[in-house]
Amino acid sequence: MTGGEGAGVEHHGTEREGSGGGEPLRVLVVQHEDVCPPAVLGDALVGEGAVVDVVRPDLGQPLPSSLGRRGPGRRHGGHDALVVLGGTAAADDDARWPWLPAVRALLAACVADGTPVLGVCLGAQLLARATGGRTGPAPRGPEHGVLPVLPVPGVEDDLLVAVGGDGPWRAVQSHGDAVLELPTGGELLATSAGCDVQVFRVGRARGVQYHPEATGEVVAAWCDDDEVRRQLAAGGLTVEGVVGAVADAEPELAEGARRHARVLLAQAAAARAERSPGVLSGATAGAPA
C-alpha cells in the first residue's frame, strides 16, 4: 500500500505501466465502516493491475461529486470505476449515516456519464435508489451463508454471467434488506431462492446483493453483532456453521472476486478507450466491454 495523497484515503497497487503500456486503471472504493473492507475484491483488483483508492466517508473523508478519469485532458488522480461496499445501515438511513445522499449522488452521476460501477449489497441498494428503484426489508427474510446465485434466462451476453459459464455460482449472502423494484431501464441478471434481485445492471453499473469481497474472517466480524446472531438463530443457523462454510469456500470465493474484478476493469478499459481513442489502459487493455 502506498501513502495517501488526500485526507487519509488509502491507496493500494502501484503506479506502474500495465501490459497495455498505458496508465493503470484506477478504482475508487467507498467503504462505510471498519467491518466491511474491500478484502479479497480489493486484492483481486490490484492483482489485475489496477490502483485502488479506498475512501471512508464515515471517517469524514469527502466524496467526489463525479469521477474524473485519468488520461489526456483529464485531471490527475481521477478514477475509471467505482465500487460501493456494504454496511449495516439501510439504503435510506440518512439520519444514521449522513453521507449516504452524497454516495447516491455519486452513483447517479456515474450511471449518467457511463462510468463503470459495482455496488455490493448495501452498495447495490444505494445504486437502485440513486437511479429510481425501490429498496426495503427482503420479503422472504434475511439471507446468510454461501448460497447459489441463479442467472435469469436471456442474459448470456452480460459479461458477469458469461464469465461464470452461463450457470449458477455460489456467493456469500449477509443481508436483511433488498432491492424491491428495479430502476427504470434496469435489467435483472440473476436471482436466488431467497431474494428476487441478486444482480442487476443499469447502464455500465451493476449491483450485486451478495458479497464477492467476503472471507471467513470478514464474516466472523459481521457475526459479532446481536442482530445478525438473532437472524441466524431465527433461520436455524449458527455462527460457527456460517463462518466455517465461508472459510471452506474461500478458494472458490476468491476466484469469484477475480471474476468481478476482471469484468469491472474490462468495462473501465472500454470506457477509457471510448473517451481517448488510441490510449490503452494498463489493466485489462483490449478486454471486451
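In which sense do helices α1 and α8 cross, right-handed or left-handed? This tour reaches the answer after a view of the whole protein.

**Before starting**

The model is predicted, so that local features need pLDDT of at least 70 and side-chain atom pairs count only at pLDDT 80 or more, while totals for chains, interfaces and linings use all residues. Residues are numbered from 1 along each chain as its sequence is written, and side-chain values use heavy atoms, with hydrogens and water left out.

**The whole protein**

Display the complete chain as a cartoon. The protein has 8 helices and 12 strands; helices (H or I, at least four residues) and strands (E, at least two) are DSSP runs, numbered from the N terminus. Of the 289 residues, 54% are buried, where buried means under 20% relative accessible area, exposed over 50%, and partly exposed in between (1.4 Å probe, protein chains only). The accessible surface is about 11500 Å², and carbon and sulfur atoms account for 53% of this surface. Such areas come from the Shrake-Rupley method with a 1.4 Å probe, and for residues only the protein chains shown count as cover. Among contacts (heavy atoms within 4.5 Å) between residues at least 6 apart in sequence, 72% join residues at least 24 apart.

**First stop: helix α1**

Select residues 39-47, which form helix α1. Its buried residues are Val40, Leu41, Gly42, Ala44 and Leu45. Next, add what covers them: the cover includes β2 (26-30), β3 (51-55), β4 (81-84), β5 (117-120) and α8 (250-275).

Now select alanine 39, a residue of α1. Its phi is positive, about 45°, although alanine 39 is not a glycine. Most residues other than glycine have a negative phi. Alanine 39 counts as partly exposed because its relative accessibility is 21%. After α1 comes glycine 49, which has a positive phi near 100°.

**Second stop: α1 against α8**

Keep α1 and α8 on display. The two helices pack at an angle of about 50°, with their axes 8 Å apart. Axes are lines fitted to C-alpha atoms, for helices over the stretch in contact, and angles run from 0 to 180 degrees between N-to-C directions. The pair is therefore oblique: angles under 35 degrees count as roughly parallel, over 145 as roughly antiparallel, 65 to 115 as roughly perpendicular and the rest as oblique.

The opening question can now be answered: the crossing of α1 and α8 is right-handed. A crossing is right-handed if the near helix is turned clockwise from the far one by less than a right angle, and left-handed if anticlockwise. To see the contact, show Val40, Leu41, Ala44 and Leu45 of α1 together with Ala257, Arg258, His260, Ala261, Leu264 and Leu265 of α8. These residues divide into 8 nonpolar, 1 polar and 1 charged. Here Ala, Val, Leu, Ile, Met, Phe, Trp, Tyr, Cys and Pro count as nonpolar, Asp, Glu, Lys and Arg as charged, and the others, Gly among them, as polar.

**Third stop: glutamate 213**

Select glutamate 213, in the loop between β12 (205-208) and α5 (216-222). Is this residue buried or exposed? Glutamate 213 counts as buried because its relative accessibility is 1%. Its C-alpha atom is separated by 7.4 Å from that of glycine 42, although the two residues are 171 residues apart along the chain. Not counting residues up to four places away in sequence, glutamate 213 touches Pro37, Pro38, Ala39, Val40, Leu41, Val120 and Trp222.

**Fourth stop: cysteine 121, α2 and α3**

Cysteine 121 lies in the loop between β5 and α3 (122-130). Cysteine 121 has a positive phi of about 55° without being a glycine, and is buried, with a relative accessible area of 5%.

Proceed to α3 and add helix α2 (residues 100-113); their axes are 9 Å apart, at an angle of about 70°. This angle makes α2 roughly perpendicular to α3. Their crossing is right-handed. In the contact, α2 supplies Leu100, Val103, Arg104, Leu107, Ala108 and Val111, and α3 supplies Gly123, Leu126, Leu127, Arg129 and Ala130.

**Last stop: α7 and α8**

Finally, select helix α7 (residues 239-248) with α8. Their axes come within 5 Å and cross at roughly 65°, and the helices are therefore roughly perpendicular to each other. Val246, Ala247 and Asp248 of α7 meet Glu250, Pro251 and Leu253 of α8.
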